[in-house]
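Okay, thanks everyone for coming. Let me put the structure up, and then I'll talk you through the chain as a whole and one arginine.

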Amino acid sequence: MMIPHNRPLITAEDRAAVDEVLASGWIAQGEAVAALEGEFVRMNGGGYACAVSSGTAALYMALNALGADRRTVVAVPTYACSALLNAVNLCGGIPRPVDVLPDSFCLDPEALESNAPGSRFAIAVNAFGAQAEIASIKATGRSVIDDCCQSLGTRPRENGRATGSALSVYSFYATKIITGGQGGLIWSRDPDCARACIDYRQFDCRENYVPRFNFQMTDIQAAMIGSQMKRLDAIRERRQKIAAAYLEAMPNGLMVQSGLMDGGRMVYRFIVVAPNRPIRDRLRQHLELREIASIVPVERYELLHRYLGLEAADFPVAERLVDTTLSLPIYPGLSETEIEQVVQALKDFRI
Ligand SMILES: *Cc1c(COP(=O)(O)O)cnc(C)c1O
């Protein structure tokens, strides 16, 4: 039996929380959504939260609330998923991909001027649980959306606050750290921004008409997500423990994403960095023969500058990362036997 690259862990408590909502007679957005929003306000030390239907919807609504329109140029890391392009395009804005840092895979603040001149906004993705250089990006005068879709539960370095950010988005898609099948959330320190998001997510029975949409989360999803949120610390510890075991088994010559074992890190993905593509591909085959699924986290064709037909030479770091990176299975649902299987496979790999 192949060890899958990802597998959600839904416990008896999570099921019971969902059952309670199903039995209550209220399954649309209601008390469970409000409770989940309260949980995020607590976690981030204040501010306001707005639960929505997906991470992509959260990105779009955050841009919308900031006032992004047809003239707005938005810097996005090129080494990221196309959700970013879709959110910017839905606002009518102009996405400008930016190269990333070779060690953390997050947006390179020093590439902002050359790759994204004229951008007022930036979406900073905390890649695979790392922390993006939010403060440096802010220092360039840009408004930053802190994309925490892959870093829920990463404890910030700065001030004990959520990466020192003012506006964050989260995703609860099936493969994320915590899941409701689908789901998203916007957290903001600014009441006006939060109010704009809350106003936009629901259109029914409103006194005035302005364009709005249905971007709501159901109480069924919120109950499932809220139940997992109670385990966030345990999830972080478990993922770190598995990462430590993999790290110890890593053969010389293979590297990992920087900051992987930082104390507060949520290890969303365990990313191996090989010296070159042939070795990366050979590692992938070796794992497959040992019945271990792995993925190339971002393929070359998925790089956002490629989708937009931009010059590859302007994004040298991202162009290299797609050849050298491989993501191994790491999630709390892995059994001890499965972890040992991965550890043994790593130990047996010869570069
Ligand atoms: C998953 C993800 C999204 C999109 O979230 P969905 O809930 O799938 O719409 C956006 N940004 C990043 C970094 C993600 O990992």
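So, how much area does the protein chain expose, and what share of it do carbon and sulfur atoms supply? It's about 15,400 Å², with 52% from carbon and sulfur; that's Shrake-Rupley with a 1.4 Å probe.

Quick housekeeping: this is a predicted model, so local features need pLDDT of at least 70 and side-chain atom pairs pLDDT 80 or more, while totals for chains, interfaces and linings use all residues. Residues are numbered from 1 along each chain as its sequence is written, and side-chain values use heavy atoms, with hydrogens and water left out.

On the overall fold, we've got 13 helices and ten strands, meaning DSSP runs of H or I with at least four residues, or of E with at least two, numbered from the N terminus. Of the 351 residues, 52% are buried, that is, under 20% relative accessible area with a 1.4 Å probe, protein chains only. The C-alpha trace spans about 65 × 50 × 35 Å along its principal axes.

Now for R265. You'll find R265 in the loop between β8 (255-256) and β9 (270-273). Is R265 buried or exposed? Buried, at a relative accessible area of 4%. Leaving out residues up to four places away in sequence, R265 touches a list including F128, T154, R236 and Q257, where touching means heavy atoms within 4.5 Å. With Q257 there's a side-chain to side-chain polar contact at 2.9 Å; the cut-off is N or O atoms within 3.5 Å, one able to donate a hydrogen and the other to accept it, and sequence neighbours count only if both atoms are side-chain atoms.

Conventions: Buried means under 20% relative accessible area, exposed over 50%, partly exposed in between (1.4 Å probe, protein chains only).
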